[in-house]
Amino acid sequence: MAIKKTALLVDDELVRQVKEILGTATTTETISEAMREVIRVRGRARGLERLRRREGMDLEDETMQGAWRHKRGEVTR
């Protein structure tokens, strides 16, 4: 991970609120964690969109019937 020092103009009240939400102690930690959270949110949104589109999922009748039989305890070993 490469780190560089930079100067930013930030809203003190916004940083205070985000620190409280994220439980961070410093402005640097707050900004870094907020950026990580943006990346996580984007990943979750993409995952939900894939679910909505059913991309990469085998949800054909035969597959799902087997899943439901297993859930009800009908599958024998």
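Helices here are DSSP runs of H or I with at least four residues, numbered from the N terminus. With that convention, the first stop of this tour, Val10, lies in the segment before helix 1. The model is predicted, and the stops below move from the whole chain to single residues and back to the surface.

**The whole chain**

Display the chain as a cartoon before selecting any residue. The chain contains three helices and zero strands, and its pattern along the sequence reads α-α-α. Next, colour the chain by pLDDT. The average over the chain is 86, and 83% of the residues score at least 70. Among the elements, helix 1 (residues 12–22) has the highest mean pLDDT, 98, whereas helix 3 (residues 61–71) has the lowest, 68. Switching to a surface representation shows an accessible surface of about 7,400 Å², of which carbon and sulfur atoms account for 55%. Of the 77 residues in the chain, 4% are buried.

**Val10, before helix 1**

Select Val10 and show its side chain. Is Val10 buried, partly exposed or exposed? Its relative accessibility is 38%, so Val10 counts as partly exposed. Leaving out residues up to four places away in sequence, Val10 touches Val15 and Ile31. A distance label drawn between the C-alpha atoms of Val10 and Ile31 should read 9.9 Å, although 21 residues separate the two along the chain.

**Helix 2 from end to end**

Now select residues 27–53, which form helix 2. This helix has 27 residues and reaches 39 Å from its first C-alpha to its last, close to the 39 Å expected at 1.5 Å a residue. Extend the selection by one residue to Arg54, which follows helix 2 and has a positive phi, near 60°.

**Thr30, a buried position**

Return to the beginning of helix 2 and select Thr30, which is found in this helix. Thr30 has a relative accessibility of 2%; because buried means under 20%, Thr30 counts as buried. Which residues are in contact with Thr30, apart from its neighbours within four places in sequence? They are Val15, Val18, Lys19, Leu22 and Thr24. Show these five side chains together with Thr30 to see the surroundings of this position.

**The charged side chains of helix 2**

Side chains of opposite charge can pair when their charged atoms come close. The structure holds eight salt bridges, and the next selections visit some of them.

Select Glu33 and Arg36. Their side chains meet in a salt bridge with an N to O distance of 3.2 Å. Both residues lie in helix 2, three residues apart, about one turn of the helix. Arg36 is partly exposed, at 38% relative accessibility.

Continue to Glu37 and Arg40. This salt bridge has an N to O distance of 2.8 Å. Glu37 and Arg40 are three residues apart in helix 2, so about one helical turn separates them. Both count as partly exposed, Arg40 at 35% relative accessibility and Glu37 at 26%. While Glu37 is selected, add Leu22: the two residues are 15 apart in sequence, and their C-alpha atoms are 9.4 Å apart in space.

Move on to Glu49 and Arg52. Here the salt bridge measures 2.7 Å, N to O. How exposed are its two partners? Arg52 counts as exposed, at 60% relative accessibility, while Glu49 is partly exposed, at 26%. These two residues are also three places apart in helix 2, which means that about one helical turn lies between them. To view a connected set, select Glu33, Arg36, Glu37, Arg40 and Arg44, which salt bridges with shared partners join into one network.

**A nonpolar patch**

For the last stop, select Leu48, Leu51 and Met57 and show their surface. These residues make a nonpolar surface patch of about 280 Å². Leu51, one of the three contributors, is found in helix 2. Keeping Glu49 and Arg52 visible beside this selection places the patch and the salt bridge in one view: Leu48, Leu51 and Met57 form the former, and Glu49 and Arg52 form the latter.

Methods. Residues numbered from 1 in each chain as written. Predicted model: local features only at pLDDT ≥ 70, side-chain atom pairs only at ≥ 80, totals over all residues. Heavy atoms only, no water. Expected span 1.5 Å × (residues − 1). Buried < 20%, exposed > 50% of the residue type's maximum accessible area, 1.4 Å probe, protein only. Contact = heavy atoms within 4.5 Å. Salt bridge = Lys/Arg side-chain N within 4 Å of Asp/Glu carboxyl O. Areas by Shrake-Rupley, 256 points an atom, 1.4 Å probe, with all protein chains shown as cover. pLDDT = per-residue confidence, 0-100. Patch = residues over 30% accessible without salt bridge, like charges linked within 9 Å, V, L, I, M, F, W, Y side chains within 5 Å.
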